[in-house]
Amino acid sequence: MTVREAAFEAYLEIMDDKAYSNIVIDEVIESGELSDKDKGLFTELVYGTVANRLTLEFYLQPFYKTKVRQWNRHLLSMAAYQIVFLDRVPPYAVINETVEIAKDNGGPQAANVTNAILRNFMREDLRDLESIKDPVKRLSVETSIPSWIIKHWKTHYKMEGAAHIARSLNSRPEMYIRVNSSMTDLYALMNLLKEEGHEVKPADLHPDALAVSTGASIMDTDAYREGHFSVQDVSSMFVNSALEPAEDDVILDACSAPGGKGLHALEKLVTGHVDLSDIYDHKIRTIKHNAERLKLKNYDVFKADATSHDYSRMYDRIIVDAPCSGLGVIKRKPEIRYERNSNDIDSLVELQLSILEHVKQFLKPGGILIYATCTIHQMENENVAYTFMKNNDNFKFDDFHIPALDFTGPYRQILPYEMNTDGFFIARFKKDV
């Protein structure tokens, strides 16, 4: 199987079968079907075509003179991505192999249609985005983020703010790792990784963070296998800044998978304990694997529905990293922008409030509750935080600090362009004594 055939099949699985891009890509790479030199191109083709889907469809639309089947449109989008965005790929090679894939999937007629469309596409200039008069639609097509999301951001951040957010989320993600401070320190880890041939440096955003220049291969290191670090975005590490765990705290991470926030807290404890729970069996396995790799102690991992489970103990601190629309992590999970719609938000808000209302009973008087999401949507974030506080007289907002943002306050929407991180929301509540 060629790299383009593999990328096309992966793209179909993501777009039509609603599979997770990172899982599909990892499975293909780990299968051994591709050579080492092809793995980079494969990943680029899949992520790039997903992330630019609406832009590519806009460019190709004038060339669809007859009905073109959905799979063939996907194939043409992947070809257009290579022609428009990848200078190092010769157009003739793209066209020839794309036509062969079309022939294999749809026969000679599909091959002829594909060949004609791509050759016409090559002869013409790209459509001008400025021809789209509606600024919301124009930004949507430019960044391949659906209009309903752009409209929401425009309402709360004006058009200029919406453009900053959308363009930032359509940029390449930075990779950060979190030092396992129970095992080593930042500079010892940095030196260890440099010895293994990786470029890393302190992120200057969080004391536990290193910025990585050598990509996902950082996980194919002895340092990773032996538990010296975890992969985690800096915005997510700020949950620990808000949590401020004391060394003897008993903590619940109620929606834990893959365990990053709860395990980050556990790394700071001495005699304390962390319970990590999630609702799905496969996610429980992931949390256990991560905790074991990090060689941590004083924790329990168990399956639990955070809207109803009897946790049977009281906690000093509780983390609710709630299920959400995920709009803050579009650059890492590009398909999520197409899978959500505005109707999803109401049900997510209901679930988020249900979790908070349930777990609050397991928080000790004077305890701290952290509510976090990886989204940029006011209804899921500020609205949920204020609604929860309004419904619970014994909970109050409580200030926390993020020095990198020069921030002190009870809640913070982190926007992706501020520090080139994921979009993230954190709120901190304190239960009355």
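Helix 1, covering residues 3-16, and helix 2, covering residues 21-31, each contribute at least two residues to a patch of negative charge, as seen in this model, which is a predicted one. The residues that gather in this patch on the surface are Glu9, Glu13, Asp16, Asp17, Asp26, Glu27, Glu30 and Glu33. One of them, Glu13, has its place in helix 1, and Glu13 counts as partly exposed because its relative accessibility of 31% falls between the limits of 20% for buried and 50% for exposed residues.

Further along the chain, the reader comes to helix 6, which spans residues 91-123 and holds Pro108. With a relative accessible area of 56%, Pro108 is exposed, since exposed residues are those with over 50%. Pro108 can also be used to gauge a distance across the model: Asn381 stands 273 residues away from Pro108 along the chain, and the C-alpha atoms of these two residues are separated by 52 Å.

A contrasting setting is found at His228, which sits in the loop that runs between helix 10, residues 222-225, and strand 4, residues 229-231. Although this residue belongs to a loop, His228 is buried, because its relative accessible area is 15% and the term applies to values under 20%. Leaving aside residues up to four places away in sequence, His228 touches Arg178, Val179, Asn180, Met183, Thr184, Leu189, Leu192 and Ala223.

Conventions:
Residues numbered from 1 in each chain as written. Predicted model: local features only at pLDDT ≥ 70, side-chain atom pairs only at ≥ 80, totals over all residues. Heavy atoms only, no water. Patch = residues over 30% accessible without salt bridge, like charges linked within 9 Å, V, L, I, M, F, W, Y side chains within 5 Å. Areas by Shrake-Rupley, 256 points an atom, 1.4 Å probe, with all protein chains shown as cover. Salt bridge = Lys/Arg side-chain N within 4 Å of Asp/Glu carboxyl O. Lys, Arg positive; Asp, Glu negative; His and termini not counted. Charge placed at Lys NZ, Arg CZ, Asp CG, Glu CD. Helix = DSSP H or I, 4+ residues; strand = E, 2+ residues; numbered from the N terminus. Buried < 20%, exposed > 50% of the residue type's maximum accessible area, 1.4 Å probe, protein only. Contact = heavy atoms within 4.5 Å.
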